[in-house]
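Trainee: I'd like a close look at one helix in this protein, and how it sits among everything else. Could you walk me through it slowly?

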Amino acid sequence: MSRTALRICPLCEATCGLTLTIEGTRVTSARGDRDDVFSNGFICPKGASFGAVDGDPDRLRTPLVRRDGELREATWTEAFDAVAAGLRPVVERHGPHAVGMVLGNPNVHTMAGALYPTVLLAALGTRSLFTASTVDQMPKHVSSGLLFGDANAIPVPDLDHTDHLLLIGANPLESNGSLCTAPDFPGKLKALKARGGTLTVIDPRRTRTAKLADRHLAIRPGTDALLLAAMAQVLFEEGLVDLGGLSPQVQGIDELRDAVGDFTPESVEAACDVDAALVRTLARELAAAPTAAVYARIGSCTVPHGTLASWLVDVLNILTGNLDRPGGALFPQAATDRTPRPAGPGRGFALGRWHSRVSRHPEAKGELPLSALAEEIDTATDEGTPVRALITVAANPVLSAPDGDRLDKALDSLDFMVSVDPYLNETSRNADVVLPPPPPSQSPHHDFAFNTLAVRNQVRYSRPAVPLEPGRMAETEILARLTLAVTGMHGADPSAVDDLVIGQTLGKAVQEPHSPVHGRDPEELAAQLAGESGPERRLDLMLRLGPYGDGFGAHPEGLGLERLLAHPHGIDLGPLRPRLPQPLKTRSGKIELLPQPIADDLPRLRRAAAERPTGLVLVGRRHLRSNNSWMHNIPALTGGTNRCTVQVHPEDAERLGLRDGEPVRVKGAGGEVTAPAEVTDGVRRGVVSIPHGWGHDRPGTRLSHASTDPGVNVNQLLDGSLLDPLSGNAVLNGVPVELSPLG
């Protein structure tokens, strides 16, 4: 007999509500939840394939432990015994920094990933943290930290109300949005046009999003910061700067005017390959629009000037008075945010508090560049011990980081490695212990991270749709037990981790004068928490102390877990609202328009204006049905246009003797790959595009469907030496490559 259950989709950043049909314990179908307060029934092919993702037969069901050189099935007790025996000696012999930690993108899509890695990291005490952020969005974190004092204070475009959207290096019709959580992003763009608004897309590819635009600029890859700087220069030169109500919150306007003064449209025209008159038009239209928002994503982050480009996006929103106002770009307010503190100066944001051991890359937001992981393992120096043990959580850096071949060899040289992963993939195949979490239907879900980036304030929670299968372990318990194993408390009750966090959080809250529980007894408050598990009690705690919370009785109409459970389709908390100056945590208490690290990096951008690349350069791409590498193992999400091909412009193909569908060799600084040519005018001349996440041809994996059409690893073309210096983000776009026909 079938039944239905509600679930928030964890397969991309749109976080759509789903209605699952379940036969016994098997999810047989998924459709959009029309009553979901946020997504209103929208669903994409990934969400529709939830059942296939959930029931993938290649998902690991029991732990694996390496014995006599082979990974073999083991009990959970045997697995954690092996973890404790493998990790603790490394810490005791070499210190905590010899244990590295890698967090992958899917980690952000689970409750466990939001609640436990920070606890594990703090308990371990290591500075050797590497995440997917430094092959993705770290420049935006750094620019936000420098501008606003908080690396997580990222304004998002008010898609439902803006009159003018300038979109750079983003393709939300394929990605569903990123650093801008918006179910039915395509529908919101169509609604923008229907109400008479303007959509401008800047991208070297004529993407599905670009085809929808009123204007598409096929910019030369990697020159986004030059174009944006020139637009800022025009605003100053033509007297179009109008801060509006932002004026009291901003400092450094005169210094900024001087800093961008020589980035005229004419000076960047050749480098960007965009007509100077058109650059002026873009700036004038942005200033003239009743409301406007500039939004940029991965294409503008994974370039040599990613932090400067991310900074200039917000600079343009500020100079036109569109930051923190409806129809512009606003700061979301998630229900699990910390209790809002009174506005005023904060601690600010610092870069380079420590450095990587080999290449001396500065940390950013507590992380080191993922590109540096291989050398941190395989290279000895006079300073410190190499990484000798590694913990990976939902990460596959052999495919997602530059030069996977070198990293693969480095992983094989480790003293010990543990992977928390549902698959034996290109990375986890090197582990000594693999700890598999259950499928998403058997896990609870709340979007801690993505609600801080949502285009409408709301809160939703899904309990597991299917009971935890016998023999499986909840991911929250896996990470709690892992924390205990690495800190010498192996075998203790995993609830101790949750109790510790709850106690620490309440202990601080009762001492903060602005807290709704100031002066109260922490133990009495802890006893009031609702929930069937430690993770639910922690969610209840965050909701009740949050900006909409009941404050443990201080605000009786406020939020808590019990109220949220009574609203299975979620609770709408209203449109985004102006929040400044409350989110600012800079030392001045104001938006600091020209932070010193930014000013110090501008000469590098000026030099780039004189560069004239003559060869082919690489850009990535993604498909609506392909978010992470493991999705290639789902038959329903592969095939059709979701193929690993080398897109090249017809004129470049003719010049190089390439034919559509025939193999082409692509060579870069890190190596070479061979894939079929796809000759298309969807890319501009001089640009080559290969999708990411492919390369499923390594032995020892258990990805049976993905291995039938493995594709190639585009990141193998990179040697890892090209980074944005401020953020440590890998340069994945605008990288020189050479093409030639095979044979």
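Mentor: Let's take helix α22 as our part, then step out to the whole chain and a few other spots.

Keep in mind as we go that this is a predicted model. Helix α22 covers residues 534–545. With 12 residues at 1.5 Å a residue, α22 should span 16 Å, and its end C-alpha atoms are 17 Å apart, which agrees.

So is α22 mostly buried or exposed? Here, a residue is called buried if its relative accessible area is under 20%. By that cut-off 10 of the 12 residues of α22 are buried, so the helix is largely enclosed by the rest of the structure. The buried ones are G534, P535, E536, R538, L539, D540, L541, L543, R544 and L545. Read through that list and you'll spot E536, R538, D540 and R544 in it. Asp and Glu count as negative and Arg as positive, so the buried set of α22 includes charged side chains as well as leucines such as L539 and L541.

Here's a handy thing to know when you turn a helix around on screen. An α-helix has 3.6 residues a turn, so residues three or four places apart point the same way.

What do the buried residues of α22 pack against? Among their partners are several helices: α4 (111–115), α5 (117–124), α19 (475–486), α20 (495–509) and α23 (561–565). A strand, β18 (456–459), is on the list too. Try colouring those elements and α22 in your viewer; the residue ranges tell you that α4 and α5 come from much earlier numbers in the chain than α22 itself.

Partners from far along the sequence fit a wider pattern. Taking contacts in the protein chain between residues at least 6 apart in sequence, 73% join residues at least 24 apart. Burial shows up across the chain too: of its 743 residues, 61% count as buried. The chain has 25 helices and 26 strands in total. Its radius of gyration is 25 Å, close to the 27 Å that the globule rule gives for 743 residues, so the chain is as compact as a globular protein of that length. If you want a feel for the dimensions, the C-alpha trace spans about 70 × 65 × 60 Å along its principal axes. The accessible surface comes to about 26800 Å², and 49% of that belongs to carbon and sulfur atoms. As for charge, there are 73 positive and 89 negative side chains, with the centres of the two sets 2 Å apart.

Another helix makes a nice companion to α22. Helix α10 (residues 224–237) has 14 residues and reaches 20 Å from its first C-alpha to its last, close to the 20 Å expected. In α10, 13 of the 14 residues are buried, so α10 is also largely enclosed by the rest of the structure. Just after α10 comes G239, with a positive phi of about 65°.

Glycine isn't alone in taking a positive phi here. N40, in the loop between β3 (26–32) and α1 (45–48), has a phi near 55°. N40 counts as exposed, at 52% relative accessibility. D273 has a phi near 60° and is found in the loop between α12 (265–272) and α13 (276–288). At a relative accessible area of 43%, D273 is partly exposed.

Loops can hold buried residues as well. L424 is found in the loop between β16 (416–420) and β17 (433–435), yet L424 is buried, with a relative accessible area of 4%. Leaving aside neighbours within four places in sequence, its contacts include L60, L64, L71, V434 and L703.

Compare that with H161, in the loop between β8 (156–157) and β9 (164–168). H161 is partly exposed, with a relative accessible area of 43%. Not counting residues up to four places away in sequence, H161 touches R195, T291, G327 and P575. H161 and P326 are 165 residues apart in sequence, but their C-alpha atoms are 6.8 Å apart in space.

One last loop to visit: P581 lies between β19 (571–575) and β20 (591–592). The peptide bond joining L580 and P581 is cis, with omega about 10°.

How values were computed. Residues are numbered from 1 along each chain as its sequence is written. This is a predicted model: local features need pLDDT of at least 70, side-chain atom pairs count only at pLDDT 80 or more; totals for chains, interfaces and linings use all residues. Side-chain values use heavy atoms; hydrogens and water are left out. Helices (H or I, at least four residues) and strands (E, at least two) are DSSP runs, numbered from the N terminus. The radius of gyration is taken over C-alpha atoms; the globule rule is 2.2 Å times the number of residues to the power 0.38. Buried means under 20% relative accessible area, exposed over 50%, partly exposed in between (1.4 Å probe, protein chains only). Contact means heavy atoms within 4.5 Å. Accessible areas come from the Shrake-Rupley method with a 1.4 Å probe; for residues, only the protein chains shown count as cover. The place of a charge is taken as NZ of Lys, CZ of Arg, CG of Asp or CD of Glu. The expected span of a helix is 1.5 Å times one less than its number of residues.
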